[in-house]
Amino acid sequence: HLKQKEYFNDQSARFKIISKGRRFGFTRGLAMYALERMVRNPGLSVLWVDTIYSNIERYFDRYFRPELKQIPKLLWNYNKNKSELKLFAVLGDQKRESVLDLRSADRPENLEGFGYHLIIINEAGIVLKNRNLWQESILPMTLDHKAEVIIGGTPKGKKTKNNEKHLFFELYERGLTDTTGRYKSYNYSSYDNTLLDAAEIDELVKEIPAHLRDQEVFGKFV
């Protein structure tokens, strides 16, 4: 939808941090964006980082597979054991592969080893509780191709249980003030998804405490 296009089409920063309310459509939008980039740029390598592998499998079945079924099976392959999607393109006498690696934060040892053109971190409020995952595994993988990085999710507070600043909040703050062109932050509410019935969101707002309303509906760090 239109609000998603704001950050997908914005090329003014490499690191985009999106704080959003629930049911904004972030995950489905990311899936469509990743597929579009892979189709338009044969040879593209993409890393998708999520919470756990069971979520990744559900996302693939619900968001990726219906789109892929619209193109010939010879042009794509999904290896479930590796959580790896390949799209194939023939350019002249050359065959090019675009690759999407889907990885979970609960197995950080499986993240390292490759460089990527596009890196996506979904459910950042959960994934980035582990600061080392970002600093030791993900960030170095941006170097090879000066990767575009999209980081987003519903906030999970300004601090972790250890009373340290939450990395998602830290990166979001950086994107609000950065003048180097590297980081940029965006904030959206559940209301910004025009595919939802606003009246239903109104009812949710009435039924939950103020701090949860700010976090879950308006995507604010509380």
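Ala, Val, Leu, Ile, Met, Phe, Trp, Tyr, Cys and Pro count here as nonpolar, Asp, Glu, Lys and Arg as charged, and the others, Gly among them, as polar. On that scheme, the lining of the largest pocket divides into 10 nonpolar, eight polar and 10 charged residues. The structure is a predicted model. The points below cover its pockets, its nonpolar cores, a bent helix, two residues with positive phi, and a few single residues.

**Largest pocket**

- The largest pocket has a volume of about 650 Å³.
- Its lining comprises 28 residues, and the closest to the pocket centre are Gly25, Phe26, Thr27, Arg28 and Gly29.
- Helix 1, helix 2 and helix 3 are the elements that each give two or more residues to this lining.
- Helix 2 contributes the most to the lining of the largest pocket, with nine residues.

**Second largest pocket**

- The second largest pocket holds about 160 Å³ of space.
- Ser45, Lys82, Glu84, Val99, Asp101, Arg103, Phe114, Gly115 and Tyr116 line the second largest pocket.
- Strand 5 supplies the largest share of that lining, three residues.
- By class, the lining of the second largest pocket has three nonpolar, two polar and four charged residues.

**Nonpolar cores**

- The largest nonpolar core has 32 residues.
- Within this core, the residues with the most contacts are Tyr7, Trp48, Phe64, Leu68, Leu85, Leu100 and Ile150.
- Another core, of 26 residues, lies apart from the largest one and includes Phe15, Ala105, Leu111 and Ala147.
- Phe64 is in contact with Ala31, Leu35, Trp48, Tyr59, Leu85 and Leu100, leaving aside neighbours within four places in sequence.

**Helix 3**

- Helix 3 spans residues 53–68 and bends by about 35° at Phe60.
- Its buried residues are Tyr53, Asn55, Ile56, Glu57, Tyr59, Phe60, Tyr63, Phe64 and Leu68.
- Phe60, the site of the bend, is thus listed among the buried residues of the helix.
- The buried residues of helix 3 pack against helix 2 (26–40) and against four strands: strand 2 (45–50), strand 3 (76–79), strand 4 (84–91) and strand 5 (94–104).
- Two buried residues of helix 3, Phe64 and Leu68, are also among the residues with the most contacts inside the largest nonpolar core.

**Positive phi outside glycine**

- Glu123 has a phi near 50°, a positive value in a residue other than glycine.
- Glu123 sits in the loop between strand 6 (118–121) and helix 4 (124–127).
- Glu123 counts as partly exposed because its relative accessibility is 22%, and the partly exposed class lies between the 20% and 50% limits.
- Lys146, which is not a glycine, also has a positive phi, of about 50°.
- Lys146 is placed in the loop between helix 5 (131–138) and strand 7 (148–153).
- With a relative accessibility of 64%, Lys146 counts as exposed, the cut-off for that class being over 50%.

**Phe168**

- Phe168 is in helix 6, which covers residues 167–177.
- Phe168 has a relative accessible area of 0% and is therefore buried.
- Leaving aside neighbours within four places in sequence, Phe168 is in contact with Ile17, Ile18, Ser19, Ala124, Gly125, Leu128, Ile151, Gly152, Gly153, Thr154, Pro155 and Phe221.
- Phe168 and Asn132 are 36 residues apart in sequence, and their C-alpha atoms are 13 Å apart in space.

**Leu2 and Lys95**

- Leu2 is found in helix 1 (residues 2–8).
- Leu2 is exposed, at 69% relative accessible area.
- Leu2 and Asp192 are separated by 190 residues in sequence, with a C-alpha to C-alpha distance of 8.6 Å.
- Lys95 lies in strand 5.
- Lys95 counts as exposed, so classed because its relative accessibility is 59%.
- Not counting residues up to four places away in sequence, Lys95 touches Phe88, Ala89 and Val90.
- Lys95 and Asn162 are 67 residues apart along the chain, and 50 Å separates their C-alpha atoms.

Methods: Residues numbered from 1 in each chain as written. Predicted model: local features only at pLDDT ≥ 70, side-chain atom pairs only at ≥ 80, totals over all residues. Heavy atoms only, no water. Bend = angle between axes of the 7 residues up to and from the residue. Buried < 20%, exposed > 50% of the residue type's maximum accessible area, 1.4 Å probe, protein only. Contact = heavy atoms within 4.5 Å. Core = buried A, V, L, I, M, F, W, Y, C linked by side-chain atoms within 4.5 Å. 1 Å grid on protein atoms, 1.4 Å probe; cavity = no way out; pocket = protein on both sides within 12 Å on 5 of 7 lines; lining within 4 Å. Points joined across faces, edges and corners; volume = space filled by probe spheres on them.
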